[in-house]
Amino acid sequence: MMAEKDIDISNNKLNLNLYFNNSIQSSNNSISSFISLEMPGEIYYKFQDKGMNDDDLIDVYLNSETVSGQEQIHCKMALKDFMLP
């Protein structure tokens, strides 16, 4: 569930916080994951209500806590990418 603080419509920014148990390490001390997210309709429409269309880009930040500390991955994604099946 996303909190309002994670959505910054005025700056076209979305923060995603990843919580997982990283106390279990694989044999080579790495974890690989595939994450698929669909933006809830009410958040998608907040961006649209601002006047954005599906091809407009938003800044997406994935925040996670790792063994070495907190890490953040940043990318730009088209708004429509969140509504694909």
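Which residue of strand 4 does V60 stand opposite? In this predicted model, V60 stands opposite C75 in strand 4. The points below set out the pairing of the strands, followed by the surroundings of M77 and of N12.

**Strand pairing**
- Strand 3 spans residues 57–66 and is joined to strand 2 by six bridges, with the two strands running parallel.
- Within that parallel pair, N15 has Y61 of strand 3 as its bridge partner.
- Strand 3 is also joined to strand 4, here by ten bridges and in an antiparallel arrangement.

**M77 and its surroundings**
- M77 belongs to strand 4, which covers residues 69–78.
- The relative accessible area of M77 is 24%; this residue is classed as partly exposed because its value falls between the 20% limit for buried and the 50% limit for exposed residues.
- Setting aside residues up to four places away in sequence, M77 touches D56, L57, I58, V60 and F82.
- V60, one of these contacts of M77, is also the residue that stands opposite C75.
- D55 is 22 residues from M77 along the chain, and the C-alpha atoms of the two are separated by 8.9 Å.

**N12 in the loop before strand 2**
- N12 is located in the loop between strand 1 (7–8) and strand 2 (13–18).
- The phi angle of N12 is near 50 degrees, which is a positive value in a residue other than glycine.
- With a relative accessible area of 21%, N12 is partly exposed, because buried residues must lie under 20% and exposed ones over 50%.

Methods: Residues numbered from 1 in each chain as written. Predicted model: local features only at pLDDT ≥ 70, side-chain atom pairs only at ≥ 80, totals over all residues. Heavy atoms only, no water. Helix = DSSP H or I, 4+ residues; strand = E, 2+ residues; numbered from the N terminus. Buried < 20%, exposed > 50% of the residue type's maximum accessible area, 1.4 Å probe, protein only. Contact = heavy atoms within 4.5 Å. Pairing = 2+ DSSP bridges.
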